[in-house]
Amino acid sequence: MSDNKMTVFLSNEIVLLPNSEVRFETDNIDDKEFFSLLEEVGKQELLVVNPFNTSVSFPDITELPRIATLAELRMKIDVPNGKTRVTLFGVRRVEITDYFLEDSFYTANYKEIIKKEIKEDTLTYRSLLIKCLEKYINKIPYVSNSIMGQLHLINELEDLTDIVASFVPLPFDKKKKYVLELDVINRVKLLVEDMNEEIKFIELEEKIENEVTHELDKSQKEYYLREKLNVIQQELGDTNNKDDEISRLNKKYSKLNCSREVKNRIKREIKRYQSTPSTSPEASVIRDYLEWMVSLPWNKFTKDEKDLRKVDASLNSTHYGLLKVKTRILEYLAVKQNSNSLRSPIICLVGPPGVGKTSLALSIAKALNRKSTKISVGGINDEAEIVGHRRTYVGALPGRIIQGMRKAGSSNPVFIIDEIDKLRKDMKGDPASSLLEVLDPEQNSKFSDHYIEEDFDLSNVMFILTANYIEQIPYELQDRLEIIEVPSYTELEKFYIAKDYLIPRELEEHGLTEIEVQFEDDAISTLINNYTKEAGVRELQREIQSILRKIVKKMLTDSTVASYIVTKELISELLGKGRFEYEKIEDNNKVGIVNGLCYTPFGGDILPIESTCYDGDNKLLLTGSLGNVMQESARIALSYVRTNSLKFDIKSDLFEKKDIHIHVPDGAIKKDGPSAGVTLVTSLISLFSNKVVPSNIAMTGEITLRGKVLPIGGLREKLIGAKRAGANLIYVPSRNKYDIDELDNELKEGLEIIYVDDYMDIYRSIFGR
């Protein structure tokens with residue numbers, strides 16, 4: 001078939017399909033000139049082409065499509081508004097063979113497209129297309145069904161696809177592909193796919209609209225019910241409307257003694273709350289914030305007790321001993337009275353469980369005539385628990401510091417932070433770092449909580465922290481604290497605590513008098529030594545409570561008995577046989593056995609170390625659940641003894657022929673630490689020199705390979721354990737002399753304490769060399 005040359009109309013706005021008509025108006029100068037030129041030359045036919053690249057006005061001829069629509073110009077009118085109205089009718093698809101660009105106008109040679117024979121059943125595709133269109137018209141509200149009557153008159157599938165494609169309101173890019181697609185079956189598939197996609201989109205829109213309508217109906221119903229409820233409440237006289245709340249908030253606001261910035265913030269929030277509808281979720285968020293702001297103790301102080309003797313008497317009436325803590329509180333009060341501008345101290349009480357750290361802090365608040373509040377931070381791993389959550393979060397609250405201040409109701413309470421050594425750090429943050437601002441005297445006058453978002457002054461708060469292990473407190477936090485150690489109690493201290501504090505208090509709580517129940521001194525000592533094993537007095541208090549409960553029960557069931565005297569025998573009858581027994585020194589002296597000293601959560605105790613040897617090949621066996629540090633101490637001790645064997649009068653070849661076994665009794669209990677170093681050395685020397693170490697001797701100290709004796713910790717508890725076990729000659733490092741000087745004379749009474757710098761001092765003292 002021969003090629004024909006014809007003018008080309010490039011359009012990025014209309015798509016003309018065969019057997020369809022397009023009407024449009026244009027004010028584009030090039031388009032108006034194009035149709036005017038056609039009209040002048042009397043041409044009625046043109047080629048309509050949709051360029052691939054729509055971003056340029058004159059695309060390159062190599063980038064234009066090879067399929068176009070042959071069209072008839074049926075009408076061209078210049079309307080009064082300056083636009084040109086054009087009507088085009090699509091005749092058929094043609095194939096472009098060559099494009100030409102002449103004087104800003106495109107022309108092209110084209111040839112007819114030979115239709116391919118359709119081998120598939122066209123009736124099936126025709127039926128599928130019509131059904132899909134019917135479904136599409138039913139679903140799309142803005143599409144008319146007027147075309148349906150015409151479709152049944154069209155027999156050719158080719159014409160049917162073009163008419164449907166021109167009728168369906170699809171985007172420009174999608175319609176272009178129908179012009180370029182020559183395979184009629186593929187056009188049917190594309191049409192069905194596009195119409196189904198539109199149907200799914202409309203169904204999704206309907207679903208969303210229904211849900212929105214449902215929510216609106218629900219909101220309207222809720223509004224109606226709330227209004228009805230307000231009317232019912234007014235009729236009953238049970239009104240709690242928004243105006244009353246605003247009036248109450250304004251009343252509290254007028255009494256606040258806070259800074260101008262805080263007052264302005266509260267005033268703005270009240271106005272915001274007033275303008276927010278009651279049904280809005282934001283209203284409850286603002287109301288909760290205002291409740292917190294007006295209920296905080298802004299510059300609201302209580303007066304401290306100024307009589308130091310009264311404070312001292314109050315502290316002594318609730319707690320025995322603990323002189324360091326009591327003295328520190330009295331010093332604070334004295335200096336504050338003298339200067340009237342002293343910041344409150346930040347104290348950390350460190351000691352084993354049950355020694356009265358928390359109860360002492362509460363007693364301090366009572367003695368100072370201050371309000372108190374307490375939080376426990378043990379196990380906390382979220383820093384928001386300390387500094388609060390942002391108000392943007394649902395259910396946001398201030399941190400525990402601000403919550404505690406609200407609970408205290410004053411700006412200068414005693415604030416107790418319990419278990420500070422048990423803070424945790426993980427992906428949620430580091431709460432210990434959040435406490436740095438709280439516990440720093442230079443910063444806490446402007447503490448900022450994430451929820452409150454205003455500075456709150458904590459400089460007048462007396463913070464008292466408690467901890468069991470100072471090693472577990474981060475160093476940067478330790479640096480801000482005044483550490484005061486609260487040691488474990490001696491047997492004598494426990495005796496007086498039980499006699500003067502615990503028993504009178506428990507008698508009162510159980511409804512008994514000192515006439516009805518009396519405790520013998522021996523009975524109290526038996527309770528301490530055989531029924532408890534602890535550093536504090538918690539278990540002792542529980543045992544006293546158990547005895548009194550059983551006595552009350554007996555008095556109520558047996559009216560013939562009016563009073564009881566608690567003796568050792570009665571304790572055994574009421575509580576059964578004693579559960580605990582501290583280590584006691586054995587009188588039978590044997591080589592290789594030396595008494596060490598240990599510190600446990602229950603207080604101090606002696607730690608016998610046993611050594612033996614037998615034929616072998618120079619192996620060291622360690623038993624008794626020893627930790628890594630203690631195992632290293634045993635190896636250091638053996639190396640030191642072998643290195644200095646001539647000084648100790650030990651034959652060096654003995655070590656080559658013997659296996660050495662070191663055992664620490666109570667194998668089920670884990671033991672660790674370096675303080676048994678000198679004991680291990682002494683045990684080995686006793687073994688290989690076949691000399692007995694007297695059983696009244698005990699010792700503690702870390703050993704080095706050069707024989708130096710290094711200082712250790714827990715000396716007070718260790719001396720308590722030594723004295724209880726019956727040891728009276730104790731070797732301790734010279735660098736621990738300060739710790740010994742700090743001890744009560746009562747504890748040191750009956751003990752001969754020898755200070756050593758080098759192990760040879762111990763050797764010469766025990767073995768006489």
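1. In this predicted model, helix α20 spans residues 568–575 and has four names on its buried list: L570, I571, L574 and L575. Viewed down the α20 axis, these buried residues fall within an arc of 110°, so they line one face of the helix.

2. What sits on the other side of α20? The face turned away from the buried side carries E569 and E573, and both are exposed. Buried here means under 20% relative accessible area, and exposed means over 50%.

3. Which elements cover the buried residues of α20? The cover includes two helices, α18 (521–530) and α19 (538–557). Strand β15 (564–566) is also part of that cover.

4. Look at the residue just after α20. This is G576, and its phi is positive, at about 85°.

5. Now the sheet. Five strands make up an open sheet, and their pairing is parallel. The strand order reads β8-β9-β12-β7-β13. At the edges are β8 (372–376) and β13 (482–485), each of which pairs on one side only. From one strand to the next, the twist averages 20°.

6. Take the pairing of β7 with β13 in detail. Strand β7 covers residues 346–350 and is joined to β13 by four bridges. The two strands run parallel. As one example at residue level, C348 has I483 of β13 as its bridge partner.

7. Which helix lies across β7, β12 and β13? It is α11, residues 323–339. Strand β12 here is 462–467. Helix α11 runs at about 145° to β13, which is also an edge strand of the sheet.

Technical notes:
Residues numbered from 1 in each chain as written. Predicted model: local features only at pLDDT ≥ 70, side-chain atom pairs only at ≥ 80, totals over all residues. Heavy atoms only, no water. Buried < 20%, exposed > 50% of the residue type's maximum accessible area, 1.4 Å probe, protein only. Arc of directions from axis to C-beta. Contact = heavy atoms within 4.5 Å. Pairing = 2+ DSSP bridges. Axes fitted to C-alpha atoms, helices over the stretch in contact; angles between N-to-C directions.
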